[in-house]
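Please open the model in your viewer and keep the selection tool at hand. The stops below are meant to be taken in order.

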There are 2 protein chains.
Amino acid sequence: MARFCKSMCPRYQAAVDIVGKRWTGMILYALMSGPLRFNELTERLEVVSDRMVSERLKELESEGIVERRVQPEPPVRVEYRLTEKGLALSSVIEAIGKWAELWIQLDPAVLAAHSE
Amino acid sequence: MARFCKSMCPRYQAAVDIVGKRWTGMILYALMSGPLRFNELTERLEVVSDRMVSERLKELESEGIVERRVQPEPPVRVEYRLTEKGLALSSVIEAIGKWAELWIQLDPAVLAAHSE
């Protein structure tokens, strides 16, 4: 198992470091239903600032999880979509979401702090 | 979706904060195949210090994910096992592991730093 860990633990850690960043799960979840323009994305993620969404998208692009696609014919349209690597994350996001819904009880103070 | 996030985002975040702590995934993975004594656990997790395993177990106990069970008849035997909440995490650990195995490529420097 130690040998297994030597190869798997850093990979596992890299994966949770990606999906564990604040708002990243929500951005991926929003994109799971299809490509979105920046404004469409920020509308859906109302509670998240534009700057934060933009920052997260850049990170996800650099990880090869999200692709920024410019459609050059007018009107120019910029879309964000999940790559194959990003689509494959759906099962992770869904598993975490399902478990969290069933097993995580938050006290009202935490909920209030999070929605600030 | 913003309303959905208000309830789900903090829960999702709490979940990834648990499974994202260094070595936690590996400890849960080890316990997925059944209860283990402390020594059995540290043997399997060779690369992790006893102190770290002990710390993580305490955290997981306080989250209700791992149960420490003392069997009083001699010889006294202390076992760690996943609770129902912990067993339900299997799908999360497996989904992350599967995705990481397929999609995360690590350069040798990162692997070396991680095995220190």
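What follows is a tour from a single chain to its sheet, its unusual backbone spots and the contact between the chains.

**Before selecting anything**

This is a predicted model, in which local features need pLDDT of at least 70 and side-chain atom pairs count only at pLDDT 80 or more, while totals for chains, interfaces and linings use all residues. Residues are numbered from 1 along each chain as its sequence is written, and chains are lettered from A and ligands numbered from 1 in the order in which they are written.

**Stop 1: chain A as a whole**

Select chain A and colour it by secondary structure, which shows seven helices and three strands; helices here are DSSP runs of H or I with at least four residues, strands are runs of E with at least two, and both are numbered from the N terminus. Followed from the N terminus, the elements of chain A come in the order α-α-β-α-α-β-β-α-α-α. Along the principal axes, the C-alpha atoms of chain A occupy a box of roughly 55 × 40 × 20 Å. Of the 116 residues in chain A, 32% are buried, where buried means that 20 or more other C-beta atoms lie within 10 Å of the residue's own, exposed means 12 or fewer, and partly exposed lies in between, with C-beta atoms placed from the backbone. Among the contacts in chain A with a separation of 6 or more, 50% are between residues 24 or more positions apart; two residues are in contact if their C-beta atoms, placed from the backbone, lie within 7 Å.

**Stop 2: the strands of chain A**

Next select residues 66-71 and 77-82 of chain A, which are β2(A) and β3(A). These two strands run antiparallel and are joined by six bridges, and they form a hairpin with five residues between them; strands are said to pair if DSSP finds at least two bridges between them. Within this pairing, A:Val66 stands opposite A:Leu82 in β3(A). Adding residues 36-37 of chain A brings in β1(A), which pairs with β3(A) in the antiparallel sense over two bridges, and here A:Arg37 has A:Glu79 as its bridge partner.

**Stop 3: the sheet of chain B and the helices on it**

Which order do the strands take in the sheet of chain B? The three strands form an open sheet in the order β1-β3-β2, with antiparallel pairing. In chain B, β1 and β2 stand at the edges with a single partner strand each, so one side of each is left without a neighbour in the sheet. Two places to label are B:Leu36, whose bridge partner in β3(B) is B:Tyr80, and B:Arg69, which stands opposite B:Glu79 in β3(B).

Now add residues 24-31 of chain B, helix α2, which lies across β1, β2 and β3 of chain B and runs at about 105 degrees to β3(B). Helix α4 of chain B, residues 50-62, also packs on the sheet, where it touches β2 and β3 of chain B and makes about 105 degrees with the direction of β2(B). For these angles, axes are lines fitted to C-alpha atoms, for helices over the stretch in contact, and the angles run from 0 to 180 degrees between N-to-C directions.

**Stop 4: backbone exceptions**

Most residues other than glycine have a negative phi, and most peptide bonds are trans. Zoom to the loop between β2 and β3 of chain A, where A:Pro75 is found; a cis peptide bond with omega of about -5 degrees joins A:Pro74 and A:Pro75. In chain B, B:Pro74 and B:Pro75 are likewise joined by a cis peptide bond, with omega of about 0 degrees.

Then move to A:Trp23, in the loop between α1 and α2 of chain A, which has a positive phi of about 80 degrees although it is not a glycine. A:Trp23 counts as partly exposed because it has 19 C-beta neighbours inside 10 Å.

**Stop 5: where the chains meet**

Finally, show both chains and select the contact, which takes 43 residues from chain A and 43 residues from chain B. On the side of chain A that touches chain B, the elements giving two or more residues are α1 (2-19), α2 (24-31), α6 (90-103) and α7 (108-114) of chain A, and α1(A) gives the most, with 14 residues.

A rotation of 180 degrees with 0.0 Å of shift along its axis superposes chain A on chain B, with an RMSD of 0.0 Å, the superposition being made by least squares on the C-alpha atoms of residues with pLDDT of at least 70 in both copies. The two copies are therefore related as by a two-fold rotation axis. The same surface serves both copies, since 100% of the contact residues of chain A recur in chain B.
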